[in-house]
Amino acid sequence: MELVSYEWWAFCFRWLHVLSGIMWIGHLWYFNFTQAPTVPKIPMELRPAIGKFILPEALFWFRWGAMATIVTGLILAGMNGYLLNAIKLGIGDHSRYYTTIGFGMWLGAIMWFNVWFIIWPNQQKVMGLVQASDDEKKASARTAGLTSRINTLLSIPMVYCMVGAMHFYA
Amino acid sequence: MKNPLDSLAQTVALGFVLTVVVVILIHAIN
């Protein structure tokens, strides 16, 4: 394998795809497995530290991790020549690989949409980056929280499909 | 009725259930 070969660049994008995926899903699981259950146990006077210091930083790496994951994933699928086959879930292709990676891609794409078009706009209201009344902030926190939970749910079959496609059918 | 997504354990359990559904769909398609 030459260092500058097409295969090397395809591998490079797969590597970057996994790295950025860890950045994204790592933060998603931090929000759901660590932060959300712990915040109610933190004394009131210490809670602003989460919203003012940890949350903005975590959301930055979370949303840009999501963006890097989808961009590198689409490039990788394009370079490997199965982007369209995966988008149409391998229907008519007689390939379980395309179907499996296709389901993974669609689940990941739904999660990416949720991050950028539901969670982030609502979190901007919660953090005061966008003007909102107290009632709106409360509703936004609920919407962002539930959408984050939906993404946690979707991450389980999404990772199954991503890893399963390679493990069983590549 | 309480939203199952309010429980982290139920969310994870639903994730595994959805995985089974997806696997069935994959095998149904190809």
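Of the 170 residues of chain A, 34% count as buried. The model is predicted. Chain A has five helices and zero strands, so its elements read α-α-α-α-α from the N terminus. The C-alpha trace of chain A spans about 55 × 35 × 30 Å along its principal axes. Among contacts in chain A with a separation of 6 or more, 71% join residues 24 or more positions apart.

**Helix 1 of chain A**

- Helix 1 covers residues 6-38, which makes 33 residues.
- From first C-alpha to last, helix 1 reaches 46 Å. That is close to the 48 Å expected at 1.5 Å a residue.
- A bend of about 35° sits at Phe31(A). Phe31(A) is also one of the buried residues of this helix.
- The other buried positions in helix 1 are His17(A), Ser20(A), Gly21(A), Trp24(A), Ile25(A), His27(A), Leu28(A) and Asn32(A).
- The cover over the buried residues of helix 1 comes from both chains. It includes helix 2 (48-79) and helix 5 (134-169) of chain A, together with helix 1 (8-29) of chain B.

**Helix 2 of chain A**

- Helix 2 has 32 residues and reaches 45 Å between its first and last C-alpha. The expected value at 1.5 Å a residue is 46 Å, and the helix comes close to it.
- Helix 2 bends by about 40° at Ile54(A). A proline, Pro56(A), follows within four residues.
- Buried residues here are Phe62(A), Gly65(A), Ala66(A), Thr69(A), Ile70(A), Thr72(A), Gly73(A), Leu76(A) and Ala77(A).
- What covers the buried residues of helix 2 includes helix 1, helix 3 (83-87) and helix 4 of chain A.
- After helix 2 comes Gly81(A), with a positive phi near 80°.

**Where chain A touches chain B**

- On chain A, 21 residues are in contact with 13 residues of chain B.
- Helix 1, helix 4 (96-126) and helix 5 of chain A each give two or more residues to this side.
- Helix 5 of chain A gives the most, with nine residues.
- By class, the side of chain A that touches chain B has 12 nonpolar, seven polar and two charged residues.

**Links between the topics**

- Helix 1 of chain A gives residues to the side that touches chain B, and helix 1 of chain B is part of the cover over its buried residues.
- Helix 2 of chain A helps to cover the buried residues of helix 1. In turn, helix 1 helps to cover those of helix 2.

Conventions:
Residues are numbered from 1 along each chain as its sequence is written. Chains are lettered from A and ligands numbered from 1 in the order in which they are written. This is a predicted model: local features need pLDDT of at least 70, side-chain atom pairs count only at pLDDT 80 or more; totals for chains, interfaces and linings use all residues. The expected span of a helix is 1.5 Å times one less than its number of residues. The bend at a residue is the angle between axes fitted to the seven residues ending there and the seven starting there. A residue is buried if 20 or more other C-beta atoms lie within 10 Å of its own, exposed if 12 or fewer, and partly exposed in between; C-beta atoms are placed from the backbone. Two residues are in contact if their C-beta atoms, placed from the backbone, lie within 7 Å. Ala, Val, Leu, Ile, Met, Phe, Trp, Tyr, Cys and Pro count as nonpolar, Asp, Glu, Lys and Arg as charged, and the others, Gly among them, as polar.
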